[in-house]
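Dear colleague,

Please find below the structure I am handing over to you. My findings follow it.

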Amino acid sequence: MTTENYYLTLTCPNKPGIIAAVSTYIFQAGGDIEEAQQFDDKASKQFFMRVSFSCPTDGNTLRSGFIEIAKRFELTWDLRAVKDLKRVLIMASKLDHCLVDLLYRWRIGELPMIICGIVSNHPREVYASIDFADIPFYHLPVTAETKPAQEAKLLEIIADNKVDMVILARYMQILSDNLSSELSGRCINVHHSFLPSFKGAKPYHQAHARGIKLIGATAHFVTSDLDEGPIIEQDVTRVTHGDTPEDLVRKGRDLERTVLSRALRYYLHDRVLINGATSVVFSD
């Protein structure tokens, strides 16, 4: 029989026997565990686990047999064959450094995913230098008056393409509370600061005026509370009094690219589990 590779993720109230039950089930199905990580959150009394394993048993049979364990331990769980790539929609505005970086990493196989489309509030001509190949491009201009209709069209695109995750690759529009709720747990944004941040326009210029010594970037899930969603990944770099605002922008772009790509990679490999206002990220 053909052996498939699987990711199993689960969350449940912590109680004894979970790891034993999961590993025994995989063994009895003929599986071989390649990686297992778990976390017991003492504060929330929740247990989180990710298992990567190979197995000759087909996915439907594995899922059916696992239902009894899921009921016994009150699991919220997902089992996915690694070959079943996640479907991603990328949204961008004029700042295209994150978009270009994600496309490059996708092309070289670093980000295994199906890109269902690229959405922008600017026309295709803005990205004349970028090769989108046969990736569908959707121009969805937006104003305060057209925002409800624009977001309705976006949700239609997401539904039609069975999108698993929306990536805001420096998409310079604030999502409405309704859209944020609709995409809860299914939308990742990269923020141009190590949160908490300088608010308003020109954050790097504000930081420069305050003489900061670190700048950063943060990738997080989108919620209706602006920039308050569960954080997935962060990074910082040092700056000095000799750096100009333009230097900070340049260094910030580098951080934004790497932080967003890391967060997306973790998601694509089922390494991110939401834990209330925070997240559990199993390192690779």
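I begin with a pair of helices: H1 crosses H2 in a right-handed manner. Please note that the model is a predicted one. The axes of H1 and H2 are 11 Å apart, and the helices pack at an angle of about 165 degrees. An angle over 145 degrees counts as roughly antiparallel, and H1 is therefore roughly antiparallel to H2. On the side of H1, the contact is formed by Ile18, Ala21, Val22 and Tyr25. H2 contributes Thr61, Leu62, Gly65, Phe66, Ile69, Arg72 and Phe73.

Both helices also lie on strands. H1 (residues 18-28) lies across S1, S2 and S3, and runs at about 15 degrees to S3. H2 (residues 59-73) lies across S1, S3 and S4, and its direction makes an angle of about 165 degrees with S4.

These strands form an open sheet of four, in the order S2-S3-S1-S4, with antiparallel pairing. Strand S2 (32-41) and strand S4 (76-81) are at the edges; each has a single partner strand, so one side of each has no neighbour in the sheet. From one strand to the next, the twist averages 10 degrees. Within the sheet, S1 (residues 4-13) pairs with S3 (residues 46-55) in the antiparallel sense over ten bridges. In this pairing, asparagine 5 is found opposite serine 54 of S3.

As to annotation, UniProt lists residues 7-90 under "domain: ACT", in an unreviewed entry. Over residues 7-90, the chain is 31% helix and 44% strand. The C-alpha atoms at the two ends of this stretch are 24 Å apart.

I turn next to helix H3, which spans residues 97-107. Its buried residues are His97, Cys98, Leu99, Asp101, Leu102, Leu103 and Arg105. Among the elements that cover these buried residues of H3 are strands S5 (87-92), S6 (114-120) and S8 (165-168). S9 and helix H7 (245-268) also belong to this cover. Glycine 109, just after H3, adopts a positive phi of about 90 degrees.

S9 leads to a further group of strands. Strand S9 (residues 187-191) pairs with S10 in the antiparallel sense over four bridges, and valine 190 stands opposite alanine 219 in S10. S10 also pairs with strand S11 (residues 231-238), again in the antiparallel sense, over seven bridges. Here glycine 216 has valine 236 of S11 as its bridge partner.

How far is strand S10 enclosed by the rest of the structure? Of its eight residues (214-221), seven are buried, so S10 is largely enclosed.

The loop between S10 and S11 holds aspartate 227. UniProt, in an unreviewed entry, places the feature "active site" at Asp227. Is this aspartate 227 buried or exposed? The relative accessible area of aspartate 227 is 17%. Because buried means under 20%, aspartate 227 counts as buried.

In summary, the right-handed crossing of H1 and H2 accompanies an open four-stranded sheet, while S10 pairs with both S9 and S11.

Yours sincerely

Conventions:
Residues numbered from 1 in each chain as written. Predicted model: local features only at pLDDT ≥ 70, side-chain atom pairs only at ≥ 80, totals over all residues. Heavy atoms only, no water. Buried < 20%, exposed > 50% of the residue type's maximum accessible area, 1.4 Å probe, protein only. Pairing = 2+ DSSP bridges. UniProt positions renumbered as here; feature names shortened; annotations may be inferred. Axes fitted to C-alpha atoms, helices over the stretch in contact; angles between N-to-C directions. Contact = heavy atoms within 4.5 Å. Parallel < 35°, antiparallel > 145°, perpendicular 65-115°, else oblique. Left-handed = near helix turned anticlockwise from the far one by under 90°.
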